[in-house]
Amino acid sequence: MKKTPTIELYTFFYKNAPVIINHSPYIPIMAGNAQSKAAIDMQGDDTGDHISSKNKYYSELTGTYWVWKNTCQDIVGVVHYRRFLTKQTEPLSYRLKRLLYYLVGIHYKRYGLIYTKNVQKFKGAVLNENEIIELLNEYDIILPTKRKLKYTVREHYQRYHNAKDLELLQTIIQEKCPEYGGALERVLASKRMYANNMLVMKRADFDCCMSWLFKLLFEFENRVKLAEYQGYQERILGFIAERLLNVWIEKQQLRIKELPVIYFKHFKFSK
């Protein structure tokens, strides 16, 4: 008899907010719990082997690191407290609304992202265990639909962050894993990228990815002056991780399943 794989998807919080999905396979985690002042009754990322105190620089990656070092399951995923993957198709009314916004020159209703305040209507559409097993029988990794950028990934980063970050990243990859240099250049030249540090994959692949990712992130952290990053830019390691995940995925040539993301934005929650 074939064993059913164990599946856990970790939903990262950083503040006091409603837990939309509070049943298997979703497990709420307070990222940055070592320094959090939020009084929430959930598992924190500050037990066992952790980097919880670095949350302001790593953002949800402190939670991802905790999952990597302190859990063990056959299939693992990381999502956000308001962003969830879905196998359901986007409702026709949403597609028509997005088309209307596009025709009048408003582009923030982007493809693959379902904005909604209606928790009760959409929480049942969140990716479930059976769907995950079915998809990973055919694919290696489940990711949010690639984001379409107005500029290349390189230009986009330079416009919103410190251009020297990419120069340092290129130097580190050339020194530590030069075989990824081509993948890095292809990612930076593209106008599409996987965003939000969200994914679902088999444990062996997850461990391989995280080992590579955090080795480079720690090296990057050691070479920059974090005190020079203020406000929004403090999340520097989270921003770098997004680009690095794209590089790893590009190099590995994985079988990828892209799914829409339900974004519970400005919702009012009632049990």
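Colleague: Which residues are exposed on the other side of H7, away from its buried residues?
Modeller: In this predicted model, the buried residues of H7 are Asp165, Leu166, Leu168, Leu169, Ile172 and Ile173. They cover an arc of only 160 degrees around the axis, which puts them on the same side of H7. On the other side of the helix, the exposed residues are Lys164 and Gln174.

Colleague: Which helices do the buried residues of H7 pack against?
Modeller: The buried set of H7 includes Leu168, Leu169 and Ile172. An α-helix has 3.6 residues a turn, so residues three or four places apart point the same way. The partners against which the buried residues of H7 pack are helix H6 (153-160), helix H8 (181-189), helix H9 (203-223) and helix H10 (236-252).

Colleague: How far apart are the end C-alpha atoms of helix H7, and what span should its 14 residues have?
Modeller: Helix H7 runs over residues 163-176, and at 1.5 Å a residue its 14 residues should span 20 Å. The distance between its end C-alpha atoms agrees with that expectation, being 21 Å.

Colleague: Which side-chain oxygen reaches the backbone nitrogen of lysine 164 at the start of H7, and to within what distance?
Modeller: Lysine 164 is exposed on the other side of H7 from the buried residues. Its backbone nitrogen is approached by a side-chain oxygen of asparagine 162, which reaches to within 2.9 Å.

Colleague: Aspartate 165 lies in helix H7; is it buried or exposed, and which residues does it touch?
Modeller: With a relative accessible area of 3%, under the 20% limit, aspartate 165 is buried. Its C-alpha atom lies 28 Å from that of methionine 201, the two residues being 36 apart in sequence. Not counting residues up to four places away in sequence, the residues that aspartate 165 touches are Tyr157, Phe220, Tyr229, Ile236 and Ile240.

Colleague: What is the relative accessibility of histidine 156, and which residues does it touch?
Modeller: Histidine 156 lies in helix H6, and it counts as buried at 13% relative accessibility. With residues up to four places away in sequence left out, its contacts are Arg147, Leu149, Tyr151 and Arg243.

Colleague: Which residue meets lysine 54 in a salt bridge, and which parts of the chain does the pair link?
Modeller: The structure holds ten salt bridges, and in one of them the side chain of lysine 54 meets its partner at 3.1 Å, N to O. The pair links distant parts of the chain, 167 residues apart, namely the loop between strand E3 (43-44) and helix H1 (55-58) on the lysine side and helix H9 on the other. Lysine 54 counts as partly exposed at 27% relative accessibility, whereas its partner is buried with a relative accessible area of 13%, and that partner is glutamate 221.

Colleague: Why are aspartate 207 and arginine 203 separated by about one helical turn, and how far apart are their closest N and O atoms?
Modeller: The two residues are four apart in helix H9, and therefore about one helical turn separates them. Aspartate 207 is partly exposed, with a relative accessible area of 28%, while arginine 203 is buried at 10%. They form a salt bridge in which the closest N and O atoms are 3.0 Å apart.

Colleague: Which residue forms a salt bridge with arginine 243, and are the two buried or exposed?
Modeller: Side chains of opposite charge can pair when their charged atoms come close. Both residues of this pair are buried, and at 3.2 Å, N to O, the partner of arginine 243 is glutamate 242.

Colleague: Which strands do the buried residues of H5 pack against?
Modeller: In helix H5 (residues 129-136), the buried residues are Glu131, Ile132, Ile133, Leu135 and Leu136. At the start of H5, a side-chain oxygen of asparagine 128 reaches to within 3.2 Å of the backbone nitrogen of asparagine 130. The strands against which the buried residues pack are E1 (7-13), E4 (75-80), E7 (141-144), E10 (199-202) and E11 (256-259).

Colleague: Which strands stand at the edges of the open sheet of seven strands?
Modeller: The strand order is E3-E2-E1-E4-E10-E7-E11, with mixed pairing. Each edge strand has a single partner strand, so one side of each is left without a neighbour in the sheet, and these strands are E3 and E11.

Colleague: In which sense do E7 and E11 pair, and which residue stands opposite proline 144?
Modeller: E7 and E11 pair over four bridges in the parallel sense. Opposite proline 144, in E11, stands leucine 259.

Technical notes: Residues are numbered from 1 along each chain as its sequence is written. This is a predicted model: local features need pLDDT of at least 70, side-chain atom pairs count only at pLDDT 80 or more; totals for chains, interfaces and linings use all residues. Side-chain values use heavy atoms; hydrogens and water are left out. The expected span of a helix is 1.5 Å times one less than its number of residues. Buried means under 20% relative accessible area, exposed over 50%, partly exposed in between (1.4 Å probe, protein chains only). The arc is that of the directions from the helix axis to the C-beta atoms. Contact means heavy atoms within 4.5 Å. A polar contact is a pair of N or O atoms within 3.5 Å; within protein, one must be able to donate a hydrogen and the other to accept it, and residues adjacent in sequence count only if both atoms are side-chain atoms. A salt bridge is a side-chain nitrogen of Lys or Arg within 4 Å of a carboxyl oxygen of Asp or Glu. Two strands pair if DSSP finds at least two bridges between them.
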